[in-house]
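Here are some friendly notes to read alongside the model. They take the charged pairs, then the domains, then the ligand.

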Amino acid sequence: MNSGAKKEPPFRERDKKLLDELENAILSYEPEKAKHSARDIIEKGIDPISVMNHTIANIARITGDKFEKGEIFLPHLVFVGDILSEVSEILESNLSSEESKEFSGKTIVIGTVEGDIHSIGKNIVAMMLKANGFKAFDLGVDVKSDKFIEQAKEKNSQIIAMSSLLTTTMPYQKEVVEELKRLGCRNLFKVVVGGGPITKEWADEIGADEYGEDAIDAIDICKKLVKNS
Ligand code: B12
């Protein structure tokens, strides 16, 4: 869905200092300072969605790169993961619901696939779906393929949304699509996939309906899919 070049952060010059403070606090493993910065950001009226999609995503990218290069190790990754979760919670609690009636009857089940416990990106997408009026059921992490399908049926969901952050767990997104076909209910649900290693090519290859690069993309896609269904 993301058709063009990477979106530019929509921050004003004077807000950048605060965002840099948040970034520095997280990258220097200072959770209290980071949470303080996040609250400051909210108080100054900076859009929490942009902070999540740009600043948080950037911190995650820097941390991931350092981990890959062997500059930091698993305890650091865990620590940054915890700080990112806490900061995201502060930002999320300040998302205002648009009370969109248009999408209020529309239901989505969302989760991170089997074997994968990365929750931060999935939580952001789930929160934003709710903020946009969708009824989003968050199934959590390490969700087995049959649970996605069983819950989608039970909740009369229009969309199954799956997150995967590990290349080793991407095949479970495919498994869900295959299982839907095998059960003869592929046409009952739209399937949307996302997460770090996921691409449009992967979505096409496994027969998903859409791929979303970030949470903003995810909302646009889900709105489009339910309008057309
Ligand atoms: C934090 C983190 C962790 C934390 C997770 C904490 C938590 N509660 O989530 C912990 C420490 C637990 C962890 C563990 C591991 N991790 Co880790 N982790 C990360 C890190 C640094 C950030 C992930 C993150 O939260 N990103 C921020 C969010 C906002 O971004 P996002 O998840 O991509 O989500 C956005 C989009 O992708 C999209 N999106 C996400 N989901 C969905 C779903 C849909 C439907 C849509 C439309 C869109 C969408 O929207 C989101 C918001 O914009 C990444 C590095 C990175 N660059 O991502 C590594 C990374 C993902 N981890 C990695 C690895 C290897 C591991 C471990 C295997 C390490 C180990 N040796 O044990 C374990 C695996 C555990 C498991 N079984 O899942 C690798 C994966 C490599 C690969 N290609 O497979 C990465 C890339 C680091 C690296 N560069 O090596 N990790």
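**Notes on salt bridges, domains and the ligand**

1. The structure holds 14 salt bridges, a salt bridge being a side-chain nitrogen of Lys or Arg within 4 Å of a carboxyl oxygen of Asp or Glu. Please keep in mind that this is a predicted model, in which local features need pLDDT of at least 70 and side-chain atom pairs count only at pLDDT 80 or more, while totals for chains, interfaces and linings use all residues. Residues are numbered from 1 along each chain as its sequence is written, and side-chain values use heavy atoms, with hydrogens and water left out.

2. A good pair to begin with is Lys35 and Glu32, whose salt bridge has its closest N and O atoms 3.4 Å apart. They are three residues apart in helix α2 (residues 31-43), so about one helical turn separates them. Helices here are DSSP runs of H or I with at least four residues, strands are runs of E with at least two, and both are numbered from the N terminus. Lys35 is buried at 14% relative accessible area, whereas Glu32 is exposed at 55%. Buried means under 20% relative accessible area, exposed over 50%, and partly exposed in between, with a 1.4 Å probe and protein chains only.

3. Helix α7 (residues 171-182) has a pair with this spacing of three residues, about one turn of the helix: Lys181 and Glu178. Their side chains meet in a salt bridge at 3.8 Å, N to O. Lys181 is partly exposed, at 45% relative accessibility, and Glu178 is partly exposed too, at 37%.

4. Which residue does Lys224 form a salt bridge with? The partner is Glu210, and the closest N and O atoms are 2.6 Å apart. This pair links distant parts of the chain, with Lys224 in helix α9 and Glu210 in strand β5 (residues 210-212), 14 residues apart. Lys224 is partly exposed with a relative accessible area of 31%, while Glu210 is buried at 12%. Elsewhere, salt bridges that share partners join Glu32, Lys35 and Glu86 into one network.

5. Now for the domains. The chain is divided into domain 1 (13-92) and domain 2 (101-228), with bounds that come from an automatic or database domain assignment. Their centres, taken over C-alpha atoms, are 25 Å apart. Eight residues of domain 1 are in contact with eight residues of domain 2, where contact means heavy atoms within 4.5 Å.

6. Where does the ligand lie relative to the two domains? Both domain 1 and domain 2 give residues to the shell around the ligand, so the ligand lies between them. Of the 36 residues around the ligand, Asn53, Ile117, His118, Ser119 and Ser163 come nearest; a residue is near a molecule if one of its heavy atoms lies within 4 Å of it. Helix α3 (48-68) is one of the elements that supply at least two residues of the shell, and α3 gives the most, with six residues.

7. The shell divides into 17 nonpolar, 14 polar and five charged residues. Here Ala, Val, Leu, Ile, Met, Phe, Trp, Tyr, Cys and Pro count as nonpolar, Asp, Glu, Lys and Arg as charged, and the others, Gly among them, as polar. Looking at single atoms, an N or O atom in the side chain of Glu68 is 3.0 Å from a nitrogen atom of the ligand. A polar side-chain atom of Ser163 is 2.8 Å from a ligand nitrogen, and a backbone N or O atom of Thr167 is 2.9 Å from a ligand oxygen.

Technical notes:
Polar contact = N/O pair within 3.5 Å; in protein donor to acceptor, adjacent residues only side chain to side chain.
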